[in-house]
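Q: I'd like a close look at one part of this model: the surroundings of ligand 2. Could you walk me through that site and then set it beside the other ligand?

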Amino acid sequence: MALTVMDSSTRYGLVSRALHWGMALLFVWQFSSAAARVFLEDTAIDGFLWGTHSQVGVVLMALVVIRAVWAVMNASRRPPAVSVMAKLGHLALYGLMIAVPAIALIRQYGSGRALDVLGINLMAGGGERIEWMTNLGGLLHGELGWALLALVVGHIAMAVLHRRLTNHSIMTRMA
Ligand code: HEM
Ligand code: HEM
């Protein structure tokens with residue numbers, strides 16, 4: 001069956017796939033920069049990767065908003081969830097994909113520092129420090145970020161193992 005722009009009951013369409021795999025690549029980059037900050041502190045790799053963390057994070061934030069709107073628009077056509085767990089798992093992925101960068105942006109705003117992304121000035125900076133905003137980010141951004149990574153690992157394991165567990169593959173829906 002030809003790949004269509006919109007989703008169908010048997011397969012995700014072109015836009016959903018482009019968003020899923022494009023964002024998956026960016027998430028690999030994003031978690032690499034977070035990991036480099038922890039495990040390769042003060043090396044050249046850390047310097048390079050960490051320098052991209054905020055910008056790639058903002059791009060991911062923009063993409064997840066588009067993806068969520070697209071998911072709602074396609075809700076009645078996309079392949080039905082294989083189980084309640086799968087549905088809840090995907091919902092949790094969305095929740096964290098939105099919360100993690102949103103909390104970082106709130107912290108950034110509250111810090112009063114400027115934010116430039118791809119040469120565009122998103123936050124002018126110079127404002128007063130807003131304590132609850134920086135505290136919220138300090139408390140939750142990194143922790144929820146790692147929780148998202150754990151959920152992604154589970155998601156990939158379930159996608160790969162699904163065939164063995166149930167004798168039918170769901171990979172063709174997205175791959
Ligand atoms: C979906 C997007 C994002 C993911 C998955 C993500 C993930 C992470 C993770 C796992 C850490 C913890 C690193 C550690 O343990 O030291 C972290 C730290 C950090 N992130 Fe992000 N991040 C994202 C977006 C952003 C954005 C948009 C910004 C800035 C506007 C940002 C700024 C920071 C900063 C300043 C830290 C260091 C302080 C801290 O640990 O909270 N991140 N990020
Ligand atoms: C090697 C990596 C990955 C593989 C093999 C994979 C595989 C799949 C498959 C087969 C589906 C369809 C499942 C179904 O319809 O029941 C799916 C859907 C989904 N995946 Fe992944 N995935 C990967 C990475 C990721 C990453 C990194 C994220 C997010 C951080 C993610 C988030 C989602 C979400 C939210 C859905 C639901 C459909 C949607 O709204 O896009 N996946 N994935």
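A: Let's start at the metal. The iron atom of ligand 2 has two protein donors, H20 (NE2) and H155 (NE2), lying 2.0 Å from it. These two histidines link distant parts of the chain: H20 is in helix α1 and H155 in helix α5, 135 residues apart. The iron of ligand 2 has 6 donor atoms around it, and because the angles they subtend run from 87 to 179°, the arrangement is octahedral. Keep in mind that this is a predicted model, so everything here is computed from predicted coordinates.

Now step out from the iron to the rest of the ligand. There are 19 residues around ligand 2, and the ones that come nearest are Y12, H20, R78, Y94 and H155. Both iron-binding histidines, H20 and H155, are on that list.

What about polar contacts? R78 has a polar side-chain atom 2.8 Å from an oxygen atom of ligand 2. R173 also puts a polar side-chain atom 2.8 Å from an oxygen atom of this ligand. The elements that give two or more residues to the shell around ligand 2 are α1 (14-39), α4 (84-111), α5 (131-166) and α6 (171-174). As for H20, one of its polar side-chain atoms lies 2.8 Å from a nitrogen atom of ligand 2.

By residue type, the shell around ligand 2 splits into 13 nonpolar, 3 polar and 3 charged residues. If you look for the ligand on the protein, you'll find ligand 2 sitting in the largest pocket.

Now for the other site. Ligand 1 sits in the second largest pocket. Its iron atom is coordinated by H53 (NE2) and H141 (NE2), at 2.0 Å. H53 lies in helix α3 (residues 53-73) and H141 in helix α5, so this pair ties together parts that are 88 residues apart in sequence. The iron of ligand 1 has 6 donor atoms with angles of 86 to 179° among them, and its site is octahedral.

Around ligand 1 there are 20 residues, and the closest are R37, H53, R107, H141 and W146. R37 brings a polar side-chain atom to 2.8 Å from an oxygen atom of ligand 1. The two coordinating histidines come up here as well: a polar side-chain atom of H53 lies 2.9 Å from a nitrogen atom of ligand 1, and one of H141 lies 2.8 Å from a nitrogen atom of that ligand.

The shell around ligand 1 gets at least two residues from each of α1, α3, α4 and α5. Helix α1 gives the largest share, 6 residues. By type, this shell divides into 11 nonpolar, 7 polar and 2 charged residues.

Put the two sites together and you can see some shared helices: α1, α4 and α5 are among the elements that supply at least two residues to the shell of ligand 1, and they also give two or more to the shell of ligand 2. Helix α5 holds an iron-binding histidine for each ligand, with H141 for ligand 1 and H155 for ligand 2.

Finally, the wider frame. The protein has 6 helices and 2 strands, and from the N terminus on, its elements run α-α-α-α-β-β-α-α. Its C-alpha trace spans about 55 × 35 × 30 Å along the principal axes.

Notes
Residues numbered from 1 in each chain as written. Chains lettered and ligands numbered in written order. Predicted model: local features only at pLDDT ≥ 70, side-chain atom pairs only at ≥ 80, totals over all residues. Heavy atoms only, no water. Near = heavy atom within 4 Å. Polar contact = N/O pair within 3.5 Å; in protein donor to acceptor, adjacent residues only side chain to side chain. 1 Å grid on protein atoms, 1.4 Å probe; cavity = no way out; pocket = protein on both sides within 12 Å on 5 of 7 lines; lining within 4 Å. Sits in = over half its atoms within 2 Å of the grid points. Helix = DSSP H or I, 4+ residues; strand = E, 2+ residues; numbered from the N terminus. Nonpolar A, V, L, I, M, F, W, Y, C, P; charged D, E, K, R; others polar. Donors = N, O, S within 2.8 Å, 3.2 Å for Na, K, Ca; no water. Tetrahedral: all angles 85-135°; square planar, octahedral: opposite > 155°, others 65-115°.
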